[in-house]
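Colleague: I am new to this structure. Please take one part and go through it closely.

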Amino acid sequence: MPDPHEADPHEARQRQGERLFRMASFRLAVLGMLLSSLGAILTFALIYGATGQTVRAALTASIRDERSELMADMRHDHLTLAQAVNRAIRSSPGTFFSLSGADDRVIAGNLPVPGLSYGWQSFSRLDGIALPAGILAVDGMAMPAPGGGTLFIGKDASWLAALNSRIAYVFGAVFGAMTALGLGASLLIAHYSLQRVRAISDASREIMAGDLSRRIKLYGRDDELDRLTEDLNAMLGRIQLLVENVRQVTNDVAHDLRSPLTRLRERLELARADPAHPAAAPAFEAALAQVDEIVGIFDSLLRIAEIEASVSRAGFVRVDLTALLEFLAESYETVADDRGQSLAAEIEAGLAMRGERNLLVQMLTNLIENAIRHCPPGSTISLSGRRIGAEVEILVADDGPGVPEAERERVLRRFVRLDASRHSPGNGLGLALVSAVVALHEGAISLQDNTPGLRVHLRFPAATDRTPPDPS
Amino acid sequence: MNVLLVEDDPLAVDYLRAGLAAEGHEVSAAADGRQGLLQAASNDFDLLIVDRMLPALDGLSMVTALRAMRIDTPVIFLTARGRIDDRVEGLRAGGDDYLVKPFALAELAARAAALARRRAVIPPATVLKVADLELNRLSQTAMRAQRRIPLKPREFRLLEYLMLHAGQVVTRTMLLEQVWDFHFDPQTSLVESHVSRLRAKIDRDFGHELIHTVRGSGYRLCDARPA
């Protein structure tokens with residue numbers, strides 16, 4: 001039978017994708033990649049800055065020379081600055097000038113740029129300045145002109161721009177490749193460890209579903225995951241051994257103790273029927289009742305051990321809880337009525353869960369009978385069932401004496417009975433069986449104060465709509 | 001009734017033989033599964049009582065083999081193992097009933113009688129009748145002395161089972177298994193409460209009682225006035 005909890009493949013794939021991104025190894029890998037990218041960006045910035053600085057230093061020297069020459073020309077040949085500039089334009093190709101007066105109007109120059117502030121300037125076509133053909137960029141310095149105004153002297157910096165763009169290009173390529181490789185590697189790492197973690201969790205789930213001999217596959221890499229797997233496998237081996245031991249002991253005890261009890265009962269019954277001693281019959285009757293009580297306790301213990309050792313949910317079917325609860329309410333209404341109590345049921349339609357019907361019946365019966373047995377006449381016992389989200393909630397409540405808070409955990413254990421109820425019938429195994437059944441069905445049980453009385457609160461995973469119905 | 005007892009424990013054989021003989025049954029015994037199979041196949045028994053753990057051939061395989069030979073003599077399995085799976089296994093192998101040791105002789109006797117009769121019985125009728133009590137299984141109604149008696153679902157099932165086994169002793173455990181599908185011993189008077197409710201409805205206002213308590217065993221529904 002296919003596992004009804006298995007989602008359809010599309011959903012599973014989507015879930016797997018989500019899981020991949022949520023994985024610790026993926027996050028770590030991405031974090032590492034981000035850090036190394038940050039380093040790369042820093043390196044790029046440093047190289048870029050250092051190149052710029054070196055070039056600027058070289059240019060500054062040659063611009064100073066140009067300026068000195070202008071000054072010398074002015075002094076020697078009694079030229080105005082504008083005339084000196086015009087001469088320099090002719091004599092030094094690859095050098096650019098812009099002279100503007102105090103009113104910021106350009107007086108002379110082959111690269112007229114008005115309104116410059118003093119200091120280092122870089123121009124490229126990107127700045128909207130009309131550079132001569134073949135010139136990509138001009139770097140230079142704007143300085144105060146002697147006699148007012150601004151003088152800019154610049155040099156062809158095309159090679160620098162080319163260098164910068166080359167650096168940026170190379171960096172971009174390297175950075176892109178690095179990021180892509182890093183992301184790819186992160187995904188691969190995540191996928192790989194997801195696969196190995198999945199191998200572990202798949203095996204665990206199969207083991208919980210009942211296959212105790214299942215082991216986790218080793219990858220043979222002798223890495224930390226393989227070592228973890230080895231440890232887990234060793235632990236699983238031990239668990240299997242323990243469970244088998246418990247089963248073995250339970251079976252042995254069941255057989256070895258049952259045989260003498262059976263003999264005892266047979267002899268008592270034959271003796272009771274012996275016509276030679278009719279007066280002894282009541283004594284044999286009482287002895288038989290005692291044997292039956294021992295057998296009852298023994299059966300309950302075995303039953304609990306059997307349920308606790310049972311890990312197999314293979315026999316689970318869809319159980320119609322609404323019908324089951326209504327059936328129990330109807331059956332026990334009469335019993336409660338005979339004791340002067342009333343049983344009220346409030347059961348939602350359409351409740352269903354997966355489980356073993358016989359065990360669920362016994363679990364609910366124990367709870368209802370507990371309430372009936374421990375409550376005085378006039379009490380009200382209520383049985384309710386409803387669906388809350390993906391769970392089914394069952395409440396068995398009464399307004400009787402209740403269980404003190406300190407005892408609520410304890411009464412779920414074997415042979416634990418409240419002192420007050422020591423003298424009432426019962427062997428203290430009813431609730432232990434209930435909690436074993438709850439655990440087998442992956443449910444939760446809690447005992448609460450019903451102010452006054454006891455309220456037993458049970459929760460189970462609701463059967464999904466895809467679960468096939470109980471064939472019986 | 002002709003009963004074959006397949007049981008390897010001589011003490012248990014003595015006990016069961018004594019108990020069954022007291023009920024007026026003829027008892028033959030076989031000490032292992034192979035002998036049991038041979039005897040069951042070559043004689044006409046009314047009932048086989050088979051222990052599950054037997055030498056040579058275990059009880060389950062023995063009954064499976066018998067059923068494969070189209071021998072449908074009713075079988076009651078006896079076992080020391082009371083696990084739920086075991087019971088289901090036994091019924092699936094072709095057993096008709098299943099008793100976990102230790103049990104009271106009265107329990108075995110009642111079940112033996114119920115099985116033996118079932119074999120002889122004509123297909124179950126739609127309308128069951130005992131004296132002036134009538135139960136219509138289709139319309140799920142009950143009448144006594146032409147008077148309609150309202151029954152709750154569980155009371156109906158209880159009365160139906162008692163009427164199907166009219167004249168026989170029906171034990172509390174049989175009722176729990178057949179009417180409630182309970183395979184454990186409840187700690188309250190579930191059966192007693194329902195029987196007394198049923199009595200109040202079908203017996204109280206009428207001339208003579210039909211549901212009788214059989215001390216130490218269970219109940220019997222019959223027309224016969226106590227002798």
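Modeller: I will look at one strand of chain A, β12(A), and then at what surrounds the topic.

This is a predicted model, in which local features need pLDDT of at least 70, side-chain atom pairs count only at pLDDT 80 or more, and totals for chains, interfaces and linings use all residues. Residues are numbered from 1 along each chain as its sequence is written, while chains are lettered from A and ligands numbered from 1 in the order in which they are written.

Chain A has nine helices and twelve strands. Helices (H or I, at least four residues) and strands (E, at least two) are DSSP runs, numbered from the N terminus. Strand β12 of chain A spans residues 454-461. Its covered face holds A:Leu454, A:Val456, A:Leu458 and A:Phe460. Its uncovered face holds A:Arg455, A:His457, A:Arg459 and A:Pro461. In a regular strand the side chains alternate between the two faces of the sheet.

Now the pairing. Two strands pair if DSSP finds at least two bridges between them. Strand β10 of chain A (residues 391-398) pairs with β12(A) in the antiparallel sense, over seven bridges. One bridge partner is A:Val456, which faces A:Val396. Strand β11 of chain A (residues 444-449) also runs antiparallel to β12(A), joined by six bridges. There, A:Ile445 has A:Leu458 as its bridge partner. β11(A) and β12(A) form a hairpin with four residues between them. In that turn, A:Thr451 has a positive phi of about 35°.

Next, the wider setting. Of the 472 residues of chain A, 26% count as buried. A residue is buried if 20 or more other C-beta atoms lie within 10 Å of its own, exposed if 12 or fewer, and partly exposed in between, with C-beta atoms placed from the backbone. Two residues are in contact if their C-beta atoms, placed from the backbone, lie within 7 Å. Among chain A contacts between residues at least 6 apart in sequence, 61% join residues at least 24 apart.

How far can the model be trusted? The pLDDT is the predictor's confidence in each residue, from 0 to 100. Chain A averages 83, and 91% of the residues score at least 70. Over residues 1-8 of chain A the pLDDT is below 50. Beyond near neighbours in sequence, that stretch has four contacts in the model. Where pLDDT is low, the predicted coordinates should not be read in detail.
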